[in-house]
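Work through these exercises with the structure open beside you. Try each task before you read its solution.

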Amino acid sequence: MTAGTLLLTWTGPARRRALLNDALVYVPILLALTALAWRGGGTVVGVAVLVVGVALALFVGYRRAARFDRHWLVQKLDGTRPDMEDSAELLFADTQTLGDLQRLQQARLFSRLEAGRPDALRSDWSRRPILAAWVVASLVIGGAVAWPRAGDRPVVLAPSVERTPVVAGVPRLVAQNLRIFPPGYTGLPMRDERQLDARAPRGSRLEWTLRFDPEAAVPAIVTLAGGKLALRRSGDDWIASRVLDSSFLYRVDPAPGRGPVAPLHRIDAIADAPPVIRVVSPAESLTMVTTGQRSWAPVFAAADDYGVAANARLRITLAMGEGENITFTEREIGITGRGNPRDRRFAQTLDFAALGFAAGGDLVVQLIVRDNRSPGPQEVRGPSLILRWPSASRTQGAGLEGMVNTTLPAYFRSQRQIIIDAEALIAQRQRLTADRYLSRSTGIGGDQEILRRRYSEFLGGENSAPPQLPTSDAAEVHTDDDGHDHAPRTASPGFGSPEDVLAQFGHPHDDSPAASLDPETRALLRQAVDAMWQSELQLKQGRPDLALPHANRALNFIKEVQQATRIFLARVGSNLPPVDPSRRMTGEREGIASRTLPIAPVEAADGPAAAAWRALGQGPEAVRGPVAFDALERWIRSNADRLPDALALSGALDAVQRDPDCDACRQKLRALLWTAMERPPASLDRRRPADPAGARYLGALEGGVP
């Protein structure tokens, strides 16, 4: 008999007994855990726990079976068989390497071993652990099955309040109940609604229980969009269910094609709001390093309607250097929040030495959190906090009267980082889903918007709206009477005087930090802002490849401006333009441009709504006529996202379609259309009529009798 055959023969019974013992002890425990998971989380969770438990049990069983090896058999034979004479190790020895006496002893051991049975080496049954495990598991499983779930409680029907006319032989709704099962991530309990109108989180499961009198044959729930929900019979009741993916209007039709039309009911889907991040500490977005400071501990708070994930990411951007010699490094670290899941606090202590942060650099941190929505958690990036460590050597202007101001603050240098982020996103496009790609591109577009707004604020808000306004002005021409406070264009009183410096380099439109920039510099900054507008537009549409040329163009303009690192702000106030006495009281109007803007009708996409509003009018001034219901329906569907209440408008339209002679229905639809149409950007006020004294004065001017 070979060593391998000997080992399998004498360890097999013991191995099988041990595996059966373990199975009888641990299988009931696994079944009990599966029952609890199924009861608490549903079928999917129960199956997942069962699969993981079986896989873990197989792994543990394999590891425990491996202990029945040669060493175990030798010890077992020596301990239980005195006739082995503590020489069981000789059974596995190679005969060729043994001496004569050892071979003789080996032969004796084999002959004695054949007199015994392998079953004698297996262990006894673990009766008490097996009995205890099965008793406890039976109690747990029985309790899990018998314990009533929230959705298992009996449905209590409420009387119907639809008040439909009673028609002999036609079923009508007499009682109803609407049961709402919110998504698991919300943590909200199941609830019953006595009415058929409700508001519920998006993703909830709706379950209607209806009762009709007399008994209905084929009732249905019909949505206003034309879809149908089939009802199944359960005793005297009818049940239907669906997942709430969007808001909708519906009616319960007990007998399709027969009887009166049932009223509409409304279900509103409440969208999960994204988390909101706010800064707790520090109070300012820009903080300066203090003397002796070696670390920084910013604190953020994240709030969400259904809870924020405990794990978040802190993006750290380090900018070192000055001018064009700036290097950027970016990293993300994990951070764990504390407190209530609906309002968590995130704090992290940043060590300057570990990050490589030193004098002359900026440290920018930004918190990135997710909510608990499943599937598809929403990710939000919070505001950026800047910690600045000024350089030790910073020259100041001397010999000129004025204050020195840095032309471009350090946080304006992040245009390069936007380009880096866009290039990195383009490189990762193949590995990202379309939604993820759009979300990240929109986030970079948000950073571009923040940067563009800062430049606009730096310019005094002159570029706070998109360029190319539709005005009649061909170009911006500054004259003495254009309403601005320009310095007088008089002869130079002398070389190097303060007036010459202000006239050459200043342009004091306002009190912004850029108020005294020369026109060339301001023009460059305006072009940079225009390029940022185009970059932001493409990024927010998910097209970073088209945004890169505009972003690079903006960076080139910024580089041109950075060639002049300092400007000087004059301490004197602005001078009003001088009055030309030679033109006073002369009536001359040469050079004065008309400021009257032409009045043009507002072109909007509300044509069907406006036509329906006019057709629904009453009174002598109303333009009554047939309402184009199909065109109005299409208009409502295409503009549902921007309408104040698209469902109410659809319901009012349905009421007018079913009863065109209902004056109350027509007026309700007309009122809703008025609130739904776009407002014109500006309105003209009608001039007030003249009072009696004013009428006499106007009459006297026209040559009449006062």
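**Exercise 1. Take stock of the chain.** State how many helices and strands the chain has.

Solution. The chain has 16 helices and 24 strands. Both are DSSP runs numbered from the N terminus: helices are H or I with at least four residues, strands are E with at least two. The model is predicted, so local features need pLDDT of at least 70 and side-chain atom pairs count only at pLDDT 80 or more, while totals for chains, interfaces and linings use all residues. Residues are numbered from 1 along each chain as its sequence is written, and side-chain values use heavy atoms, with hydrogens and water left out.

Next, burial. Buried means under 20% relative accessible area, exposed over 50%, and partly exposed in between, with a 1.4 Å probe and protein chains only. Of the 706 residues, 35% count as buried.

Last, contacts, meaning heavy atoms within 4.5 Å. Take the contacts with a separation of 6 or more: residues 24 or more positions apart account for 67% of them.

**Exercise 2. Read a five-strand sheet.** Find the strand order of the open sheet with mixed pairing, then its edges.

Solution. Step one: the order is β4-β11-β10-β6-β7. Two strands pair if DSSP finds at least two bridges between them.

Step two: β4 (198-201) and β7 (228-230) are the edges. Each has a single partner strand, so one side of each lacks a neighbour in the sheet.

Step three: from one strand to the next, the twist averages 25°. Angles run from 0 to 180 degrees between N-to-C directions, and axes are lines fitted to C-alpha atoms, for helices over the stretch in contact.

Step four: look inside the sheet. Strand β6 (residues 220-223) and strand β10 (residues 248-253) run antiparallel, joined by four bridges. T223 has Y250 of β10 as its bridge partner. Helix α14 (residues 646-658) packs on the sheet and touches β10 and β11 (265-270). The direction of α14 makes about 40° with that of β10.

**Exercise 3. Read a three-strand sheet.** Which strands form the open sheet with antiparallel pairing, and in what order?

Solution. The order is β12-β15-β18. The edge strands are β12 (276-281) and β18 (343-347), each pairing on one side only. Five bridges join β12 to β15 (residues 299-303). Across that pair, R278 stands opposite A301.

**Exercise 4. Check helix spans.** Compare the reach of α2 and of α7 with the expected value.

Solution. The expected span is 1.5 Å times one less than the number of residues. Helix α2 (residues 43-65) has 23 residues and reaches 32 Å from first C-alpha to last, close to the expected 33 Å. Its buried residues include G46, G53, G61 and A65.

Helix α7 (residues 415-427) has 13 residues and reaches 19 Å, close to the expected 18 Å. Among its buried residues are I418, I419 and L425.

**Exercise 5. Describe a helix pair.** Give the distance and angle for α12 and α15, then the contact.

Solution. The axes of α12 (residues 607-615) and α15 (residues 663-676) come within 9 Å and cross at roughly 145°. From α12, the contact uses A609, A612, W613 and A615. From α15, R666, R670, L673 and W674 take part.

**Exercise 6. Place one residue.** Is A146 buried or exposed?

Solution. A146 is found in helix α5 (residues 127-146). A146 is exposed, because its relative accessible area is 62%. The C-alpha atoms of A146 and R39 are separated by 10.0 Å, with their positions 107 residues apart along the chain.
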